[in-house]
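Reader: Could you take me through one part of this model up close? I'd like the largest pocket, plus whatever sits around it.

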Amino acid sequence: MNVTLKLPDDLVREARHLAVNQSQSLSAWMANLVRRELATKSATEIEKPKTWIEALTLPDMPASFYEKDFPLPDRKATKHREFTFEPDED
């Protein structure tokens with residue numbers, strides 16, 4: 001898979017030299033670097049994806065902010081209002 005990265009010129013130059021010294025292309029060298037980094041992470045260190053609720057939860061908000069019991073007006077107690085789609089004749 002092709003991936004585009006934006007890296008500083010001096011960093012790429014140095015990485016390319018290391019790759020050539022190891023008889024590798026820059027792509028192969030970077031792939032090995034990523035493999036080594038991923039291998040050092042244990043399964044517990046790799047963060048599992050968050051649920052939508054976890055992603056949308058703000059750390060500084062009290063639990064009451066997330067309660068599901070919203071006070072909604074009683075629709076049956078609302079008075080019936082007549083309306084029309086005809087323009088007003090003023």
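**A close look at the pocket**

Author: Let's start with Val-3: its relative accessible area is 59%, and the cut-off for exposed is over 50%, so Val-3 counts as exposed. Keep in mind that this is a predicted model. Along the chain, Val-3 sits in the segment before H1. On the surface, Val-3 belongs to a nonpolar patch together with Met-1, Leu-5, Leu-7 and Leu-11, and the accessible area of these residues adds up to about 590 Å².

Now for the pocket itself. The largest pocket holds about 380 Å³ of space. Its lining is made up of 13 residues, and Val-3 turns up again here: the ones closest to the centre are Val-3, Leu-5, Leu-26, Ser-27 and Met-30. In terms of chemistry, the lining has ten nonpolar residues and three polar ones, with no charged residues. Two helices are involved, H1 (9-21) and H2 (26-40), and each contributes at least two lining residues. H2 gives the most, with five residues.

While we're at those helices, have a look at the loop between H1 and H2, where you'll find Ser-23. Most residues other than glycine have a negative phi. Ser-23 has a positive one, near 55 degrees, and isn't a glycine. Ser-23 also has a relative accessibility of 71%, over the 50% cut-off, so Ser-23 counts as exposed.

Notes. Residues numbered from 1 in each chain as written. Predicted model: local features only at pLDDT ≥ 70, side-chain atom pairs only at ≥ 80, totals over all residues. Heavy atoms only, no water. 1 Å grid on protein atoms, 1.4 Å probe; cavity = no way out; pocket = protein on both sides within 12 Å on 5 of 7 lines; lining within 4 Å. Points joined across faces, edges and corners; volume = space filled by probe spheres on them. Helix = DSSP H or I, 4+ residues; strand = E, 2+ residues; numbered from the N terminus. Nonpolar A, V, L, I, M, F, W, Y, C, P; charged D, E, K, R; others polar. Patch = residues over 30% accessible without salt bridge, like charges linked within 9 Å, V, L, I, M, F, W, Y side chains within 5 Å. Areas by Shrake-Rupley, 256 points an atom, 1.4 Å probe, with all protein chains shown as cover. Salt bridge = Lys/Arg side-chain N within 4 Å of Asp/Glu carboxyl O. Buried < 20%, exposed > 50% of the residue type's maximum accessible area, 1.4 Å probe, protein only.
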